[in-house]
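Colleague: I would like to go through this model with you and ask, term by term, on what grounds each word is used. Could you set each value beside its cut-off as we go?

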Amino acid sequence: MSMTVFQAMNGATFAALLFIVASGFTLIFGLMRIVNLAHGALYLMGGYFGLVVAHRTDSFTLALAAAALAVAAIGFGTYTLLLRFVGGNVLRQVLLTLGLALVLDDLALVIWGGDAFTVPIPEALRGPVQVGSLVYPKYRLFLLLFSVAVFIGLALLLRHTRLGALIRAGVDDAEMVDAMGIDIQRVFVYTFMLGAALAGIGGVLGGAFLTLYPTADSDILVFSLAVVIIGGRGSLAGTAIGSLFVGMLATFGQVWFPELAYFVIFGPMALLLAFRPLGLFGRTA
Amino acid sequence: MLEITNLHAAYGDAQVLRGVSMRVDKGRIVALLGRNGMGKTTLIRSVMGMTPPHVRQGSVTFQGQELRGLRPHEIAQRHIGLVPQGRRLFASLTVTEHLTMLGRAARHRSQWSVARLFELFPRLGERRQHRGHQLSGGERQMLAVARALTQNPELLLMDEPSEGLAPVMVQHLERTVLELRQLGYAILLVEQNLYSALAVADEAYILETGSIVHHAPVDALRHDRPTMHRFLGV
């Protein structure tokens with residue numbers, strides 16, 4: 001029994017990480033219709049940046065902030081120098097972001113080598129904590145709380161700020177936002193930077209318990225894709241539920257059917273899409 | 001005010017507008033009539049700088065300034081409001097959010113505060129927390145007009161505003177359009193509903209396979225049965 005609870009907690013905390021990464025992915029996908037295949041690479045870069053800053057400053061908070069800023073800057077460059085010029089052409093966007101992912105991956109390999117690293121976490125988050133009869137790592141609980149804070153922060157941004165209203169309107173009909181006198185490209189840039197920053201933050205948080213290694217980005221990318229497809233693009237609630245779905249299936253799948261771990265996620269996903277092609281919370285444009 | 005000269009526009013290889021010239025002056029309602037697929041919406045999209053279509057030749061000036069080559073938001077910022085075909089409201093935004101999308105500074109400059117828009121359209125005031133997709137057809141059209149007014153436009157481009165509306169709502173819309181003209185607005189009204197267009201417009205252009213084939217004051221057109229029959233099928 002306690003083993004099942006323990007696995008459920010692992011599923012929930014993995015879902016928390018997926019939510020942070022995939023919420024950035026879904027913002028970009030939902031608003032700009034860009035399937036950013038470099039999102040996993042942004043996660044990895046964030047992790048490595050965080051690793052460097054954490055080692056230099058001994059501050060996990062600074063590592064998170066630096067990773068968010070640095071990866072947002074990469075996002076800014078990616079959008080303004082590359083993606084802006086292939087707007088509307090899905091194949092070019094996919095190839096461009098895939099190419100960028102390969103470049104960033106190789107860059108990481110050159111700089112940090114092929115070894116696995118773990119981002120050091122502060123003393124206060126190390127060790128276990130006892131909740132009733134369950135003994136559980138403090139850091140993973142922190143991750144759960146952090147993801148709830150990210151959810152609330154994003155929900156407030158989307159519901160109660162003008163930028164949020166513009167992002168929601170842009171998800172519905174970007175061309176019409178532009179025809180109202182609002183520079184939609186600026187909204188796109190801010191959103192791309194925000195989405196990238198979330199990937200960067202995810203990289204630091206994930207790098208502290210999943211370790212960082214050169215192909216870690218493709219794993220997280222595949223899971224993020226599944227989350228967004230299940231939840232429906234551009235939906236925060238959908239991303240939260242999709243994350244929980246994928247996080248739980250990935251964790252329990254690995255324990256119960258290790259040889260079918262991927263099928264356990266993608267089998268139900270295919271079934272769901274057969275009945276709801278736009279995902280749980282997806283809407284037609 | 002708005003002057004379109006020899007405008008050619010195409011979707012890929014398909015030429016849709018072939019040398020369209022027309023003008024809309026301040027305080028005038030100009031109807032653009034024509035059957036389905038003649039290029040009316042293409043003309044509106046070309047004026048707004050929306051792509052596709054691609055404008056190949058010609059010019060569009062507003063108050064003497066060339067609009068060609070500008071992006072849609074730059075054109076809208078020159079005080080041109082769009083009420084698009086099919087309304088194109090934002091499904092996830094409330095009525096109030098639709099009317100407060102522009103920045104505070106732009107809203108401050110506009111003569112259309114949210115309160116004044118709710119005076120013009122009291123029904124919207126009652127539905128201020130409803131989302132776009134929760135409104136009736138008539139309310140949606142009111143919101144599409146109100147949203148365009150938030151831009152403090154001097155020219156309104158209205159694409160098939162009476163489409164899908166009950167007769168009583170069409171009459172309400174016609175009254176609104178006439179009120180706006182009294183306030184000095186220039187309105188380019190694209191309509192398939194000929195009778196609605198004739199009820200409000202001062203002059204009309206008829207578009208046939210991408211070219212203007214007729215231009216006349218509405219009073220004259222109303223009595224010109226052969227032209228109406230030939231180009232509009234009535």
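Colleague: Why is Glu139(B) called buried?

Modeller: In this predicted model, the relative accessible area of Glu139(B) is 3%, and because the word buried is used for values under 20%, Glu139(B) counts as buried. The residue belongs to helix α7 of chain B, which covers residues 137–149.

Colleague: What makes the pairing of Glu139(B) with Arg123(B) a polar contact?

Modeller: The cut-off for a pair of N or O atoms is 3.5 Å, and the side chains of Glu139(B) and Arg123(B) are joined at 2.7 Å, so the pair falls within the limit. A second polar contact, of 2.9 Å, links the side chain of Glu139(B) with that of Arg127(B). If neighbours within four places in sequence are left aside, Glu139(B) is in contact with Arg123(B), Leu124(B) and Arg127(B).

Colleague: Is Leu27(A) buried or exposed, and how do you know?

Modeller: Leu27(A) has a relative accessibility of 7%, and since buried means under 20%, Leu27(A) is counted as buried. Leu27(A) sits in helix α1 of chain A, residues 2–32, and, not counting residues up to four places away in sequence, it touches Met32(A), Leu154(A), Leu158(A), Ile167(A), Thr191(A), Leu194(A) and Leu198(A). For one of these, Thr191(A), the C-alpha atom is separated from that of Leu27(A) by 6.9 Å, although the two residues are 164 residues apart along the chain.

Colleague: Why is Gly27(B) described as partly exposed?

Modeller: The value for Gly27(B) is 24%, and because partly exposed covers what lies between under 20% and over 50%, Gly27(B) receives that description. Gly27(B) is placed in the loop between β2 (14–24) and β3 (29–33) of chain B. Among the residues that Gly27(B) touches, beyond those up to four places away in sequence, are Arg181(B), Tyr185(B) and Asp202(B). The C-alpha atoms of Gly27(B) and Gln182(B) are separated by 7.0 Å, with their positions 155 residues apart along the chain.

Colleague: What makes the phi of Gln63(B) worth a remark?

Modeller: Gln63(B) has a positive phi of about 50 degrees although it is not a glycine. This residue lies in the hairpin of β4(B) and β5(B), where two residues stand between the strands. At 46% relative accessibility, Gln63(B) is partly exposed, because the value does not reach the range over 50% that is called exposed. In chain A, Arg33(A) also has a positive phi, near 60 degrees, and is a residue other than glycine; Arg33(A) is found in the loop between α1 and α2 (39–57) of that chain.

Colleague: How do you know that β4(B) and β5(B) pair?

Modeller: Pairing requires at least two bridges between the strands, and two bridges join β4(B) to β5(B), residues 65–66, so the requirement is met. The two strands run antiparallel, and Thr61(B) has Glu66(B) in β5(B) as its bridge partner. Between β1 (residues 2–11) and β4 (residues 54–62) of chain B there are seven bridges, again with an antiparallel run, and Leu2(B) stands opposite Phe62(B) in β4(B).

Colleague: What makes β2 and β5 of chain B edge strands?

Modeller: The open sheet has four strands in the order β2-β1-β4-β5, paired antiparallel, and β2 and β5 are its edge strands, since each of them pairs on one side only.

Colleague: Why is the meeting of Glu175(A) and Arg88(B) called a salt bridge?

Modeller: The distance from N to O between these side chains is 2.8 Å, and because the limit for a side-chain nitrogen of Arg and a carboxyl oxygen of Glu is 4 Å, the pair is called a salt bridge. The count between chain B and chain A is five salt bridges. The contact between the chains takes 26 residues from chain B and 19 residues from chain A, and about 1,900 Å² of area is buried between them, with carbon and sulfur atoms giving 55%.

Terms used. Residues are numbered from 1 along each chain as its sequence is written. Chains are lettered from A and ligands numbered from 1 in the order in which they are written. This is a predicted model: local features need pLDDT of at least 70, side-chain atom pairs count only at pLDDT 80 or more; totals for chains, interfaces and linings use all residues. Side-chain values use heavy atoms; hydrogens and water are left out. Contact means heavy atoms within 4.5 Å. Buried area is the accessible area (1.4 Å probe) that two parts lose on being put together, summed over both. Buried means under 20% relative accessible area, exposed over 50%, partly exposed in between (1.4 Å probe, protein chains only). A polar contact is a pair of N or O atoms within 3.5 Å; within protein, one must be able to donate a hydrogen and the other to accept it, and residues adjacent in sequence count only if both atoms are side-chain atoms.
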